[in-house]
Amino acid sequence: MKKFRGIYIKNSAEIALMREASRIVSVILDALGEAVEPGVPTMHFEDIAQDMCRRFGVQPAFQGYGGFPFALCCSVNEEIVHGFPSRERILREGDVVSFDMGVIYERFYGDSARTYPVGTVSEQARTLLDVTRESLNRGIAQAMPGNNLYDVSRAVQDYVEGLGFSVVRRFVGHGIGSKLHEKPEVPNFVPSGTVGPVLKPGMVLAIEPMVCVGSYEVEILEDKWTAVTKDRKLSAHFEHTVAVTHDGPVVLSVS
Ligand code: MG
Ligand code: MG
C-alpha cells in the first residue's frame with residue numbers, strides 16, 4: 001500500500017472492503033438504537049452486537065484489542081468512551097448511551113459510534129447530542145483533498161466551543177484501514193506547535209468528536225478502561241469512518 005507522510009493511501013478495492021466493514025457496523029448500530037429503552041441492561045447490547053457479528057461473518061474489532069473484553073463499548077451519561085457492557089447497569093429514562101462498534105471484514109476495519117437518548121431526556125442532553133452529531137458533520141465536510149487535517153479538527157472545535165460545550169483532548173480520531181488505529185491522529189481540537197498533514201485521496205479517517213457539557217477533563221475508572229468526565233457531567237460521542245476521495249469526503253459507515 002502506498003503511503004504519504006506515513007499515512008496509508010487505499011485503492012478503490014480496499015476502500016470497497018472498508019465500505020462493507022463500515023456498512024455492517026452501521027447496521028449493527030441501527031439495531032442497537034432500536035433496542036434502547038428504559039429497563040434494558042447494557043449487556044443486552046453486547047449480546048446483539050456479538051450475535052450480528054456472527055451472522056455477518058465478521059470479527060468484532062475491539063474484543064481483545066489491548067485487552068478490551070467486549071465487542072461493544074457501551075458508555076452511559078458521564079462515561080465518555082470505553083465503557084463495559086454490564087448485566088447490572090440498567091438504562092433509565094433520561095440517560096444517554098453511547099455505542100462504539102468496530103468490525104473486521106476481509107482484513108479491513110470499520111469503526112463508528114453514536115449516542116442515543118433513553119426515553120425522554122433533558123433539553124441539555126438533547127442539545128448535547130445535536131451539537132456532537134453536527135460537529136462530526138462539520139468535521140467530515142472538511143475532509144477534502146488539499147485541505148489540511150487540522151481543518152477537520154478546527155471545524156469540530158469551533159462549532160462545539162462556540163456553543164459553550166467542550167471537546168475531549170485525551171482521546172482522538174485516527175486513520176483506519178487494515179489496522180484499527182493507523183496514522184494520522186485526528187484530534188477534535190487544533191494542536192499547538194505542530195502542522196497537520198495535507199489530505200490526499202485514498203486516506204481513510206475515523207473522525208470521532210467526544211463532547212462534554214462541562215469540562216473536558218477525563219478520569220479513568222478502576223476497571224482501567226472506562227473514561228468518565230472528571231466533573232461527572234454528560235458526554236456524547238459520534239464517529240464515522242470517512243474516505244477522502246477526488247470528489248470529496250465519503251462517509252463509509254452508513255447502512
Ligand atoms: Mg470507534
Ligand atoms: Mg475510532
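His174 is buried, with a relative accessible area of 4%. This is a predicted model. His174 donates its NE2 atom to the magnesium ion (ligand 2). A second magnesium ion (ligand 1) lies 3.1 Å away from ligand 2, and Asp111 coordinates both. The points below cover the two metal sites, Ser112, the nonpolar cores, the strand pairings and Gly39.

**Magnesium ion (ligand 2)**

- Asp111 (OD), His174 (NE2), Glu208 (OE) and Glu239 (OE) coordinate the magnesium ion (ligand 2), at 2.1 to 2.3 Å.
- The donor residues follow the sequence spacing D-x62-H-x33-E-x30-E.
- His174 sits in strand E9 (residues 173-175), and Glu208 sits in the loop between strand E11 (204-207) and strand E12 (210-212), so this pair ties together parts that are 34 residues apart in sequence.
- Glu208 is buried at a relative accessible area of 5%.
- His174 counts as buried because its 4% relative accessible area falls under the 20% cut-off.

**Magnesium ion (ligand 1)**

- The magnesium ion (ligand 1) is coordinated by Asp100, listed twice through OD, by Asp111 (OD) and by Glu239 (OE).
- These distances run from 2.0 to 2.6 Å.
- Along the sequence, the donors of ligand 1 are spaced D-x10-D-x127-E.
- Asp100 lies in strand E6 (residues 96-105), and Glu239 lies in the loop between strand E15 (235-237) and strand E16 (240-245).
- Asp100 and Glu239 are 139 residues apart and link distant parts of the chain.
- Asp100 is buried, with 8% relative accessible area.
- Glu239 is buried too, with a relative accessible area of 0%.
- Asp111 bridges the two magnesium ions, ligand 1 and ligand 2.
- Glu239 is listed as a donor to ligand 1 and as a donor to ligand 2.

**Ser112, beside the metal donors in contact terms**

- Ser112 is found in strand E7 (residues 108-117).
- Ser112 is buried, at 0% relative accessibility.
- A polar atom of the Ser112 side chain lies 2.7 Å from the backbone oxygen of Glu239.
- Leaving aside neighbours within four places in sequence, Ser112 contacts the metal donors Asp100 and Glu239.
- On the same basis, the contacts of Ser112 also include Val25, Leu29, Phe99, Met101, His240 and Ser253.

**Nonpolar cores**

- The largest nonpolar core has 25 residues.
- Ile28, Phe45, Val97, Phe99, Met101 and Val103 have the most contacts inside this core.
- Helix H1, helix H2, strand E4 (72-76) and strand E6 each supply at least two residues of the core.
- H1 gives the largest share, six residues.
- Met101 touches Asp111 and Ser112, not counting residues up to four places away in sequence.
- Counted in this way, Met101 also touches residues including Val25, Ile28, Leu29, Ala49, Cys53, Phe62 and Leu72.
- Another core, of 17 residues, lies apart from the largest core.
- Among the residues of this other core are Met18, Met43, Ile176 and Val204.
- In soluble globular proteins, nonpolar side chains tend to be buried together.

**Strand pairings**

- Strands E5, E14 and E13 form an open sheet of three strands, in the order E5-E14-E13, with antiparallel pairing.
- The edge strands are E5 (79-81) and E13 (218-220), and each pairs on one side only.
- From one strand to the next, the twist averages 45°.
- E13 and strand E14 (residues 227-229) pair in the antiparallel sense over three bridges.
- Glu219 stands opposite Val228 in E14.
- Strand E16 runs antiparallel to strand E17 (residues 248-251), joined by four bridges.
- Val242 has Val251 in E17 as its bridge partner.
- Two residues make up the hairpin connection from E16 to E17.
- Strands of a sheet pair through backbone hydrogen bonds, either parallel or antiparallel.

**Gly39**

- Gly39 lies in the loop between helix H1 (12-34) and helix H2 (43-56).
- Gly39 is partly exposed, with a relative accessible area of 49%.
- Gly39 touches Ile90 and Leu91, not counting residues up to four places away in sequence.
- Gly39 and Val103 are 64 residues apart in sequence and 27 Å apart in space, C-alpha to C-alpha.

Methods
Residues numbered from 1 in each chain as written. Chains lettered and ligands numbered in written order. Predicted model: local features only at pLDDT ≥ 70, side-chain atom pairs only at ≥ 80, totals over all residues. Heavy atoms only, no water. Pairing = 2+ DSSP bridges. Axes fitted to C-alpha atoms, helices over the stretch in contact; angles between N-to-C directions. Donors = N, O, S within 2.8 Å, 3.2 Å for Na, K, Ca; no water. Buried < 20%, exposed > 50% of the residue type's maximum accessible area, 1.4 Å probe, protein only. Contact = heavy atoms within 4.5 Å. Polar contact = N/O pair within 3.5 Å; in protein donor to acceptor, adjacent residues only side chain to side chain. Core = buried A, V, L, I, M, F, W, Y, C linked by side-chain atoms within 4.5 Å.
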